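Visitor: I would like to learn how to read packing and charge pairing in a model of this kind. Could you take me through it feature by feature?

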Amino acid sequence: MTLTSPGLSSLSPARIRLALVALTLGGFGIGCTEFVAMGLLPNLASDLLPELFRVSSEQANGQAGLLITAYAAGVVVGAPTIAAVAARWPRKVVLMVLLVTIVLGTIASALLPTFGLVLVARFVSALPHGAYFGIASLVAASLLGPNKRGQGVALVLGGLTVANVVGVPFITWVGQSSSWRVSYLVVAGIFVLAFVAVTLTVPNLPGDRTATMRKELKAFGRPQVWFAIAIGAIGFGGFFCVYTYVSPILTTITGLPESVVPWALVVVGLGMTIGNLTGGWAADHNLKRSMLLFFGLLLLALVELVLFASNPVGLFVGLFFVGAAAASISPLIQTRLMDVAGDSQSIAAALNHSSLNFGNALGPIVGGVALTFGLGYIAPLGAGIVLTVLGILIALASFAVERRTRRRIAVATAEAAFRTELDGTQPIAVPSRR
C-alpha cells in the first residue's frame, strides 16, 4: 500500500509524524513489558514465591524465570496465529484490539495474587506482541510511502530498542523503589497512552484482501524456514540465559548493590541499539558471513562474562557486547526468514518474533535448570554458551543443506536441458525449494 491509497494522500506531514509516534509508542511499551522482569526477577521471586525464596533464593529466582518463559511462549503462539488470521482485517482495528488485550493482561499481571495466576496473565499479555510489530510495521510503511518503507519498519522496531535504554531501566528503578506490581501498572499506563494515540492519529487502512490462511501457512513447508526458526530459537537463547539473570548475577557474583541493576540494563540497551543498526547494515551486505560473525561475538562475550563477571568492569563490558551481538543477529534472522519464506511474507515477519521469543522462553528454563544443580549464577552463563554453540552449528547446517540443494537443482536443470537438446523433448520441471 502506498500514499496513493484512499485516505492516505490527504494526510498532512504532521498527522503522519504523529501516527508514526503512536505506533512507536506501542513498540516502546512492548519492549518495557517484555524485558522489565529481568531486572526485577528477585523482587518477583521473593513476593510470589516467599517460602521457596526463604529456603533458596537461587531456586526461587530460577522458578520465577518461568514468568519470562510464559511471556515468550505467548509470543511464540500468538505471533503466527494472529498474523495469519487477521491479515485481511482493517489494520487500525487490529492494532486497537491488540493494545487493549495487552493493557488487560498487564493490569492482571500487576494485580493477581498468586504465582500461577500471574504466569497465565503474562502468557495472555504476550499473545499480541508479534502481530503488533508486524501490522504496525506495515502501517508505518504505508504512511511513509514506497521509497521509505524501511524507515517505517525501523521506527516501529526502534521503540523496542529505546525501551531497553530508557524505559526498562527506569521502570526497574520504580519497581525496586516501590513494588514490582507498581512497575507493571506503569507499563499498562504506557499501553493506554499508545491505544489513545493510535485511535486518534492512525488512519483507517484496509487489510490485505488477497491474504489467505493457506497462502501464509505454506511457509511451514519450506525446510529453510525451519532452519531459520531454529537458529533464532536455540542460538538466541544464549542471550536470554544472561539477560534473565542479570540482576542476581550483578548482586551475587560481582557484589554490586541492587541500585546498580538499572545501569547494567542501560549498558545492555546501548549495546542492543548499536547492534540493531549494525546487524541491519550487515544483512544487506553478506548475511551468512555476518550471522556467523555475530554469533561468534556473542560466544566470546559469554566466555568473557564467565571469566570476568566478578569484576565490575568485566561485567559491564561483557553485558554491552552480549547485547550488541544478540541485537545484531535479530535483523539477520528476520532477513533470512524473508529470503526463504517465498510468498508467505506476512507470517515470515511474525515468525521472527516467535523464533526469538522461543529463545526467550528457552533461556530462562535452561538457566533455571542449571541453577538447580547448585552451581551458582555462573551456571546460566555456561548454559548460554552451550545454546550459542548449538545456534552456530544449526546455521552451518542450514547453509550446507542450501548449497547441496542448489547444486542438485543446478545438475537436474542441466541434465534436463541436455536431454532437450538431444531429442527435442520438453525439459522436466525442477521444483525450487529453499
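Visitor: Let us begin with one charged pair: are Arg336 and Glu402 buried or exposed?

Guide: In this predicted model, both Arg336 and Glu402 are buried, and for Glu402 that reading follows because its relative accessible area is 5%, where buried means under 20%. The side chains of these two residues meet in a salt bridge, with N and O 3.3 Å from each other. The pair joins distant parts of the chain, since Arg336 belongs to helix H16 (residues 312–340) and Glu402 to helix H18, 66 residues apart.

Visitor: Which other side chain meets Glu402 in a salt bridge, at 2.5 Å from N to O?

Guide: That partner is Lys288, whose side chain forms a salt bridge with Glu402 at 2.5 Å, N to O. Here too the pair links distant parts of the chain, with Glu402 in helix H18 (residues 378–423) and Lys288 in helix H15, 114 residues apart. Lys288 is partly exposed, with a relative accessible area of 26%.

Visitor: Where does Arg406 lie in relation to Glu402?

Guide: Both residues are in helix H18, 4 residues apart, or about one turn of the helix, and they form a salt bridge in which the closest N and O atoms are 3.6 Å apart. Taken together, Lys288, Arg336, Glu402 and Arg406 are linked in a network of salt bridges, and the count of salt bridges in the model comes to 4.

Visitor: How should I read a buried charged residue without such a partner, and what is the nearest side chain of opposite charge to Glu304?

Guide: The approach is to look for the nearest opposite charge and then for the contacts that are present. Glu304, which is placed in helix H15 (residues 287–308), is buried yet has no salt bridge, and the nearest side chain of opposite charge, Arg289, is 26 Å away. If neighbours within four places in sequence are left aside, the residues in contact with Glu304 are Ala309, Gly314, Val317 and Gly318.

Visitor: Turning to the helices, what describes two that are packed together?

Guide: Two packed helices are described by the angle between their axes and by the distance between those axes. Helix H1 (residues 13–39) and H2, for instance, pack at an angle of about 75 degrees, with their axes 4 Å apart. That angle makes H1 roughly perpendicular to H2, because 65 to 115 degrees counts as roughly perpendicular. Ala37, Met38 and Gly39 of H1 make the contact with Leu41, Pro42, Asn43 and Leu44 of H2, and by class the contact has 5 nonpolar, 2 polar and no charged residues.

Visitor: How many residues of helix H2 are buried?

Guide: In helix H2 (residues 41–48), 6 of the 8 residues are buried, so this helix is largely enclosed by the rest of the structure. The buried residues in H2 are Leu41, Pro42, Asn43, Leu44, Ala45 and Leu48.

Visitor: At what angle do H2 and H4 pack?

Guide: H2 and H4 pack at about 105 degrees, their axes being 9 Å apart, and the two helices are therefore roughly perpendicular to each other. On the H2 side, Leu41, Pro42, Leu44, Ala45 and Leu48 meet Ala60, Asn61, Ala64, Gly65, Leu67 and Ile68 in H4. The residues of this contact divide into 9 nonpolar, 2 polar and no charged.

Visitor: And which residues of H4 meet His129, Gly130 and Ala131 in H7?

Guide: It helps to take the geometry before the residues. Helix H4 (residues 57–85) and helix H7 (residues 129–144) pack at an angle of about 45 degrees, with their axes 6 Å apart, which makes H4 oblique to H7. From H4, Tyr71, Val75, Ala79, Ile82 and Ala83 meet His129, Gly130 and Ala131 in H7, and by class the contact has 6 nonpolar, 2 polar and no charged residues.

Visitor: Finally, how should I read a residue such as Gly280, at 28% relative accessibility?

Guide: Gly280 counts as partly exposed because its relative accessibility is 28%, and this residue is found in helix H14 (residues 261–283). Separation along the chain and separation in space can be set side by side for Gly280 and Ile249, which are 31 residues apart along the chain and have C-alpha atoms separated by 30 Å.

Technical notes: Residues are numbered from 1 along each chain as its sequence is written. This is a predicted model: local features need pLDDT of at least 70, side-chain atom pairs count only at pLDDT 80 or more; totals for chains, interfaces and linings use all residues. Side-chain values use heavy atoms; hydrogens and water are left out. Buried means under 20% relative accessible area, exposed over 50%, partly exposed in between (1.4 Å probe, protein chains only). Lys and Arg count as positive and Asp and Glu as negative; His and the chain ends are not counted. Contact means heavy atoms within 4.5 Å. Axes are lines fitted to C-alpha atoms, for helices over the stretch in contact, and angles run from 0 to 180 degrees between N-to-C directions. Angles under 35 degrees count as roughly parallel, over 145 as roughly antiparallel, 65 to 115 as roughly perpendicular and the rest as oblique. Ala, Val, Leu, Ile, Met, Phe, Trp, Tyr, Cys and Pro count as nonpolar, Asp, Glu, Lys and Arg as charged, and the others, Gly among them, as polar.
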